[in-house]
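Biologist: Could you take a close look at one strand for me, and walk me through its pairing and its surroundings? I would enjoy a connected account that I can follow in the viewer.

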Amino acid sequence: MLTFETLNELTLKVTCQGNDVLFTKAGAFIAGESPGKNYRFEKVLLGPQESLAQAALGSLIRRVAGENLPLMKVTMSGDSVTYYANLGQHVVIYQLAYGETISVESENILAFTQDCDYQVRFLGKGILSQKGLATSTLTGKGKNACVAVLSDGNPLVLSNQVSRTTLAVDPDAVICWIGQGHCDPQIKTDLNWKTFIGQASGESYTFEWDGGQPVTVIVQPSERSGGIRVAID
């Protein structure tokens, strides 16, 4: 069994008891402790799916969608403690309930357990993530479905699970959203004549979830370059 823990906000500590498998961003390993180094690393060429056909199809979809994630498989044969990090980014841990889904930008995935079903899914409406119409999803399929995601700076966590308020976020700052099913956001635009003369506010589109979509959204305090920029200079 694997246990996730954050150290100093910037490092993921993974404790393994017995035999298990971990999937991480390739190259994220920074240190390990074990009796006789009983873990090994392997580049995942296609995908984490057990079926070769599904893995090949998933790899093709990720490349076409711009959601390709270089993955590394860590096979653990006994008790060990290993540590993972990426460019000094903050680490956020989430444990998925059975059937619960986290939709996340591929570049923000640090690690996940084999109790997560990893897929790439097309949002199917709008455009507007800087990556286009696709998002990576991890769905809990077992009792130990843990995910670690990356944030540029301390993240902001928003939830309307209790308040049923409307949540609005910048697609270039969102890391992930979590809920039962896919709970995809509505995509709202605010384009007007100022946009086309170079006087846009810089916030011409948002992801929104209304009170009827109970969801938790994690946002980082920085924006990725990209997205839609419509203007005439």
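Modeller: Happily; here is a tour that begins with one strand, moves on to the nonpolar cores, and ends with a few polar details. Please keep in mind that this is a predicted model.

Let us start with strand S16, residues 174-180. Six of its seven residues are buried, so S16 is largely enclosed by the rest of the structure. Which strands does S16 pair with? One partner is strand S9 (residues 100-104), which runs antiparallel to S16 and is joined to it over five bridges. To find this pairing in the viewer, look for Glu100, which stands opposite Gln180 of S16. Another partner is strand S19 (residues 216-219), again antiparallel, with four bridges to S16. Here Trp177 is a good landmark, as its bridge partner in S19 is Val217.

From the strand we can step into the nonpolar interior. The largest nonpolar core holds 21 residues, and those with the most contacts inside it are Leu96, Ile102, Phe112, Leu138 and Val147. Both S16 and S9 give two or more residues to this core, as do strands S3 (19-25), S8 (90-96), S10 (109-113), S11 (116-122) and S13 (145-151). As background, nonpolar side chains tend to be buried together in soluble globular proteins.

Leu138 is a handy place to center your view. Leaving aside residues up to four places away in sequence, Leu138 touches Leu96, Ile102, Phe112 and Val147, and its contacts also include Glu100, Thr101, Ile109, Cys116, Asp117 and Tyr118. Glu100 thus links two parts of the tour: Glu100 touches Leu138 and stands opposite Gln180 in S16. Apart from this core lies another, of 18 residues, among them Leu2, Cys16, Ala28 and Met76.

Met76 leads us to Thr82, since Met76 is one of the residues that Thr82 touches. Thr82 sits in strand S7 (residues 80-84). Is Thr82 buried or exposed? Its relative accessible area is 0%, so Thr82 counts as buried. Beyond its sequence neighbors up to four places away, Thr82 also touches Leu12, Lys13, Val14, Phe29, Ala31, Gly32 and Tyr39. Its side chain makes a polar contact of 2.8 Å with the side chain of Tyr84.

Finally, a word on charges. How many salt bridges does the model have? The count comes to one. The side chains of Arg40 and Glu42 form a salt bridge, with an N to O distance of 3.9 Å, and the cut-off is 4 Å. Glu42 has 39% relative accessibility and therefore counts as partly exposed.

Conventions. Residues are numbered from 1 along each chain as its sequence is written. This is a predicted model: local features need pLDDT of at least 70, side-chain atom pairs count only at pLDDT 80 or more; totals for chains, interfaces and linings use all residues. Side-chain values use heavy atoms; hydrogens and water are left out. Buried means under 20% relative accessible area, exposed over 50%, partly exposed in between (1.4 Å probe, protein chains only). A polar contact is a pair of N or O atoms within 3.5 Å; within protein, one must be able to donate a hydrogen and the other to accept it, and residues adjacent in sequence count only if both atoms are side-chain atoms. Contact means heavy atoms within 4.5 Å. Two strands pair if DSSP finds at least two bridges between them. A nonpolar core is a set of buried Ala, Val, Leu, Ile, Met, Phe, Trp, Tyr and Cys residues joined through side-chain atoms within 4.5 Å.
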